[in-house]
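Student: Could we go through this structure together? I keep meeting labels and I'd like to know what earns each one.

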Amino acid sequence: MGGDGVLVQVIVDIVNPQVAHTFTYRVPQGMSLTIGQRVEVPFGPRRKEGVVIGFADTCDVPENKLRDVIAPLEDYAAILPALLTLAQHM
């Protein structure tokens, strides 16, 4: 999946209870991502590692505030979907 207006939900690798939730990023045209894949994303003035945990067609973030995924870190899902489901239940 990915490209042409597709949005992904990403959990960003930071340890802070105030931001322990998912963030929405736009998938650039021509980029293909899968659930469980590690990605590099812009996070404030920095770049952070995150994991794609889902896809969305819409979000509450204004279009001008959405940022693009920078790049996938591998060509495959680093975390199996079953493990993501387990982690979400925990």
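**What earns each label**

Tutor: Sure, and keep in mind that this is a predicted model. Let's start with one residue: Arg38 is partly exposed, with a relative accessible area of 22%.

Student: Why is Arg38 called partly exposed?

Tutor: Set the value against the cut-offs: buried means under 20%, exposed means over 50%, and partly exposed is what lies in between. Arg38 has 22%, so the label is partly exposed.

Student: What makes the contact of Arg38 and Glu74 a salt bridge?

Tutor: The rule asks for a side-chain nitrogen of Lys or Arg within 4 Å of a carboxyl oxygen of Asp or Glu. Here the N to O distance between Arg38 and Glu74 is 2.4 Å, and the two side chains meet in a salt bridge. The pair links distant parts of the chain: Arg38 sits in strand S3, Glu74 in the loop between S5 and helix H1 (81–89), and they are 36 residues apart.

Student: And Glu74, is that buried or exposed?

Tutor: Glu74 has a relative accessible area of 16%; the cut-off for buried is under 20%, so Glu74 is buried.

Student: How many salt bridges are there in the whole structure?

Tutor: A search finds five. One of them joins Arg26 and Glu63, with the closest N and O atoms 2.7 Å apart. Arg26 belongs to strand S2 and Glu63 to the loop between strand S4 (46–56) and S5, 37 residues away along the chain. Arg26 is partly exposed at 22%, while Glu63 is exposed at 57%. Arg26, Glu63 and Asp68 are linked in a network of salt bridges.

Student: How do you know that Glu40 and Arg47 form a salt bridge?

Tutor: Their closest N and O atoms are 3.6 Å apart, and the rule allows anything within 4 Å. That makes the pair a salt bridge. Glu40 counts as partly exposed at 21% relative accessibility, and Arg47 is exposed at 56%.

Student: Okay, now the sheet. What is the order of the strands?

Tutor: Five strands form an open sheet in the order S2-S1-S4-S3-S5, with antiparallel pairing.

Student: What makes S2 and S5 edge strands?

Tutor: S2 and strand S5 (71–72) each have a single partner strand, so one side of each is left without a neighbour in the sheet.

Student: How do you know that S3 and S5 pair?

Tutor: Two strands pair if there are at least two bridges between them. S3 and S5 have two bridges, in the antiparallel sense, so they meet the rule. You can find the partners yourself: Glu40 stands opposite Ala71 in S5, and Val39 has Pro72 as its bridge partner there.

Student: How many bridges join S3 to S4?

Tutor: Six, and the two strands run antiparallel. In S4, Arg47 is the bridge partner of Pro42. The hairpin of S3 and S4 has two residues between the strands, and in this hairpin Gly44 takes a positive phi near 65 degrees.

Student: Why is the pair of Phe23 and Phe43 called edge-to-face?

Tutor: Two checks. The ring centres must lie within 6.5 Å, and the planes must be over 60 degrees apart. For Phe23 and Phe43 the values are 5.2 Å centre to centre and 85 degrees between the planes, so by the rule the pair is edge-to-face. Phe23 lies in strand S2 and Phe43 in strand S3, 20 residues apart. By this rule the count comes to one aromatic pair.

Student: Are those two rings' residues buried or exposed?

Tutor: Phe23 is buried at 19%, and Phe43 is buried at 14%. The cut-off for buried is under 20%. Across the chain of 90 residues, 31% count as buried.

Student: Which residues lie nearest the centre of the largest pocket?

Tutor: Phe23, Thr24, Tyr25, Lys65 and Arg67, out of 13 lining residues. S2 gives the largest share of that lining, four residues. The pocket holds about 200 Å³ of space.

Student: How many residues of each class are in that lining?

Tutor: Six are nonpolar, five polar and two charged.

Key. Residues are numbered from 1 along each chain as its sequence is written. This is a predicted model: local features need pLDDT of at least 70, side-chain atom pairs count only at pLDDT 80 or more; totals for chains, interfaces and linings use all residues. Side-chain values use heavy atoms; hydrogens and water are left out. On a 1 Å grid over the protein atoms alone, a cavity is a set of points where a 1.4 Å probe fits but cannot get out, and a pocket is an open set with protein on both sides within 12 Å along at least five of seven lines; lining residues have an atom within 4 Å of a point. Grid points are joined across faces, edges and corners, and a volume is the space filled by probe spheres set on the points. Ala, Val, Leu, Ile, Met, Phe, Trp, Tyr, Cys and Pro count as nonpolar, Asp, Glu, Lys and Arg as charged, and the others, Gly among them, as polar. Rings of Phe, Tyr and Trp (its six-membered ring) pair if their centres lie within 6.5 Å; planes under 30 degrees apart count as stacked, over 60 as edge-to-face and the rest as tilted. Buried means under 20% relative accessible area, exposed over 50%, partly exposed in between (1.4 Å probe, protein chains only).
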